[in-house]
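This briefing is for a reader meeting the structure for the first time. Please look over the chain and its ligand before reading on.

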Amino acid sequence: MNDKERIDSQISRLEEKYKDSGQDLSSYLDGLLYQRYLTYWDYIHLDTLLSLQVPRTYFPDEEIFIMYHQITELYFKLILHEQKQLVDDKSQNLDFFIEKTRRINSYYKALISSFSIMIKGMEKEQFLQYRMALLPASGFQSAQFRMIELYATPLENLVHESERHHYSSKNSIEELYENIYWKKGATDLSTGEKTLTLKQFEYRYTPRLIRIAKQVQNNTIYHKYLRLEAHKKNNKELIGALKKLDINANVNWPLMHMGSAHRYLGKDKDQVEATGGTNWKEYLPPSFQKIVFFPEIYSKQELNNWGKQWVDHIFNPDKTTGD
Ligand code: HEM
């Protein structure tokens, strides 16, 4: 086929396409004639993206803090993008399940290995000052972080560890949500009351989070796994990938994150103030939270020791590869 024949054939196919939807190809061809060429910066909205880093103080390191949170939120969005496809998939195809899980793990790997940007990449003196200008905001208020949990596992697995055995799928979504583990975080260390950080988050996101929990009721990634035929369910590659996801989301990322809390807030009383005086030391450790997305794939012993490897990881972060 020469060039002219190829273009004629393309035009005929375009005519078909536009005719099918009652449109006039000629007008669209005019549009093509007048349209600007697409540029990289317009396509990815680069100017907008680079205008979103707006510090509230004059400390230069605050910009690192803002940007790294934004980068993390974009990775969370990538994780959710894969989770939603898994939840929507009706085929229960094994390769699809493994591939999506593998992608999610590669995003966690990037997040876990880059967390040193927070732990080592800012001056503590600057942090402790600019952080005070950001109260009561906290990464605790990341809605996408909570959504990842809701897509992964049923609400009864997210009930606070101390009360989890009282609850099951028989409880209503509202009841389970009221007892979700993170409602015990971001509470005031001295009074035990909910901080403004938590109250504002609840006010802003409760309706949305409940809606998602209802949408994925009986259809989370864990449910999808449990419904697989036996030979798929026992597939070693899938089990390995799901374990990695669980450990990345509920042990390794939380450990790296906690490393930053220890570095900046860990020592004396003033430093604790930079969180607004919260109970983070009792709340953040994965061995206390014991959040497990896919409990069935572990032995009793593995579950009992959940998150206990944290000391090792904190002090040997290079071992934490996460892939
Ligand atoms: C120097 C860096 C950081 C420090 C010192 C820090 C500190 C804390 C503390 C103390 C908490 C407990 C809640 C509270 O008491 O306010 C918390 C929670 C949280 N932070 Fe950070 N954080 C840092 C960076 C980040 C980054 C980069 C993200 C990314 C989005 C993030 C996301 C979260 C999330 C999702 C929680 C809730 C964790 C959970 O519920 O288990 N943090 N952070």
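The points below cover the chain as a whole, then the ligand site and its contacts.

The model is predicted. Its protein chain has 19 helices and zero strands. The ligand takes up the space of the largest pocket, and 25 residues surround the ligand.

**The protein chain**
- The chain has 323 residues, and 44% of them count as buried.
- Along the principal axes, the C-alpha atoms of the chain fill a box of roughly 75 × 55 × 40 Å.
- Among contacts in the chain with a separation of 6 or more, 71% are between residues 24 or more positions apart.

**The shell around the ligand**
- Four helices each supply at least two residues of the shell: H5 (61-88), H9 (143-152), H14 (236-265) and H16 (280-283).
- Helix H14 gives the largest share of the shell, with six residues.
- Sorted by class, the shell holds 15 nonpolar, nine polar and one charged residues.
- The residues that come nearest to the ligand are Arg146, His257, Thr278, Tyr283 and Gln289.

**Polar contacts with the ligand**
- Tyr283 has a polar side-chain atom 2.4 Å from an oxygen atom of the ligand.
- For Arg146, a polar side-chain atom lies 2.8 Å from a ligand oxygen atom.
- In the side chain of Gln289, an N or O atom is 2.9 Å from an oxygen atom of the ligand.

Note on methods
Residues are numbered from 1 along each chain as its sequence is written. This is a predicted model: local features need pLDDT of at least 70, side-chain atom pairs count only at pLDDT 80 or more; totals for chains, interfaces and linings use all residues. Side-chain values use heavy atoms; hydrogens and water are left out. A residue is near a molecule or strand if one of its heavy atoms lies within 4 Å of it. A polar contact is a pair of N or O atoms within 3.5 Å; within protein, one must be able to donate a hydrogen and the other to accept it, and residues adjacent in sequence count only if both atoms are side-chain atoms. On a 1 Å grid over the protein atoms alone, a cavity is a set of points where a 1.4 Å probe fits but cannot get out, and a pocket is an open set with protein on both sides within 12 Å along at least five of seven lines; lining residues have an atom within 4 Å of a point. A molecule sits in a cavity or pocket if more than half of its atoms lie within 2 Å of its grid points. Ala, Val, Leu, Ile, Met, Phe, Trp, Tyr, Cys and Pro count as nonpolar, Asp, Glu, Lys and Arg as charged, and the others, Gly among them, as polar. Buried means under 20% relative accessible area, exposed over 50%, partly exposed in between (1.4 Å probe, protein chains only). Contact means heavy atoms within 4.5 Å.
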